[in-house]
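Visitor: I should be grateful for a close look at a single part of this protein. Please describe the sheet of strands, and then place it in the context of the rest of the chain.

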Amino acid sequence: MFHRRVFLRTRDCFARLTTGVPGRTVHVLDRTSEDFNKTYNYSGKFTECLNLASYNYLGFSPPQGECLEKVIGAINKYGVCTNSPRNEVGYSSLHQEAERLVAQYVGKPHAIIQSQGFSTNSTTLPILMGKGTLIISDELNHSSAVYGARLSGANLRAFKHNSNIMTPYVA
């Protein structure tokens, strides 16, 4: 019932095929359906739409030009990798150079670069904090930060969002 009444009707909005290289805009293939989106008939035409759903919304990956040439040069020099932090997939000379530059920029002897995401907060906070540490946290912090803080064993106190007054409850 859900599949027929909800999923098939929303498929036209959320499951659209695209063609070409995404940039500031994306080409969405035009289609029609005679059976409430169970099947589609593609016209061979497309509609140009504003791109809000890929990592290329700034248009840095055109099919030709300086950016592409630099990417090919980097692949030839360093190979293909996931470009993740060292604690996820290993450590390369690029990680070392980036961390050196960050440390230099903030005026510290060393720096560690971390990616964003649930696993970063939930696994890094317990390493940095533990019993005897007090964590003062915005009540609207992402669940990954709350989870990491709880895993650390530290004392966790939350404050009301956009307030400088501590609330009396424990998160």
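Guide: The account below begins with the whole chain, turns to the sheet, and then visits the helices and the surface.

The model shown here is a predicted one. Its protein chain contains six helices and five strands. Read from the N terminus, the elements follow the order α-β-β-β-α-α-α-α-β-α-β. Of the 171 residues in the protein chain, 20% are buried.

Let us now turn to the sheet. Three strands form an open sheet in the order E1-E2-E3, and their pairing is antiparallel. The edge positions belong to strand E1 (18-19) and strand E3 (41-50); each has a single partner strand, so one side of each is left without a neighbour in the sheet.

The pairing may be followed from one strand to the next. E1 and E2 run antiparallel and are joined by two bridges. One residue pair illustrates this contact: Thr18 has Val28 in E2 as its bridge partner. E1 and E2 also form a hairpin, with five residues between the strands, and in this hairpin Gly20 adopts a positive phi near 85°.

On the other side of the pairing scheme, strand E2, which covers residues 25-32, pairs with E3 in the antiparallel sense over seven bridges. Val28 appears again here, since this residue stands opposite Thr47 in E3. Val28 can thus be followed across the sheet: Thr18 is its bridge partner, and Thr47 in E3 stands opposite Val28. A further pair across E2 and E3 is that of Arg31, which stands opposite Tyr42 in E3.

Beyond the sheet, helix H1 offers a view of the charged surface. Arg4 belongs to helix H1, which spans residues 2-14. Together with Arg5, Arg9 and Lys38, Arg4 forms a positive surface patch. The relative accessible area of Arg4 is 47%, and this residue is therefore partly exposed: the value lies between the limits of 20% for buried and 50% for exposed residues.

Helix H4 deserves a similar visit. A search of the whole structure finds one salt bridge. It is formed by the side chains of Glu97 and Arg100, with a distance of 2.7 Å from N to O. Both residues lie in helix H4 (residues 93-106), where they are three residues apart, or about one turn of the helix. Glu97 has a relative accessibility of 36% and so counts as partly exposed. Arg100, at 43% relative accessibility, likewise counts as partly exposed.

Leu101 is also a residue of helix H4. This leucine counts as partly exposed because its relative accessibility is 43%. Along the chain, Leu101 and Ala111 are ten residues apart, and their C-alpha atoms are separated by 8.6 Å.

Finally, a nonpolar patch is present on the surface, formed by Val102, Tyr105, Val106 and Ile113. The accessible area of these residues together is about 410 Å². One of them, Val106, is found in helix H4. Helix H4 thus holds Val106 of the nonpolar patch as well as both partners of the salt bridge, Glu97 and Arg100.

Definitions and conventions: Residues numbered from 1 in each chain as written. Predicted model: local features only at pLDDT ≥ 70, side-chain atom pairs only at ≥ 80, totals over all residues. Heavy atoms only, no water. Patch = residues over 30% accessible without salt bridge, like charges linked within 9 Å, V, L, I, M, F, W, Y side chains within 5 Å. Areas by Shrake-Rupley, 256 points an atom, 1.4 Å probe, with all protein chains shown as cover. Salt bridge = Lys/Arg side-chain N within 4 Å of Asp/Glu carboxyl O. Lys, Arg positive; Asp, Glu negative; His and termini not counted. Charge placed at Lys NZ, Arg CZ, Asp CG, Glu CD. Helix = DSSP H or I, 4+ residues; strand = E, 2+ residues; numbered from the N terminus. Buried < 20%, exposed > 50% of the residue type's maximum accessible area, 1.4 Å probe, protein only. Pairing = 2+ DSSP bridges.
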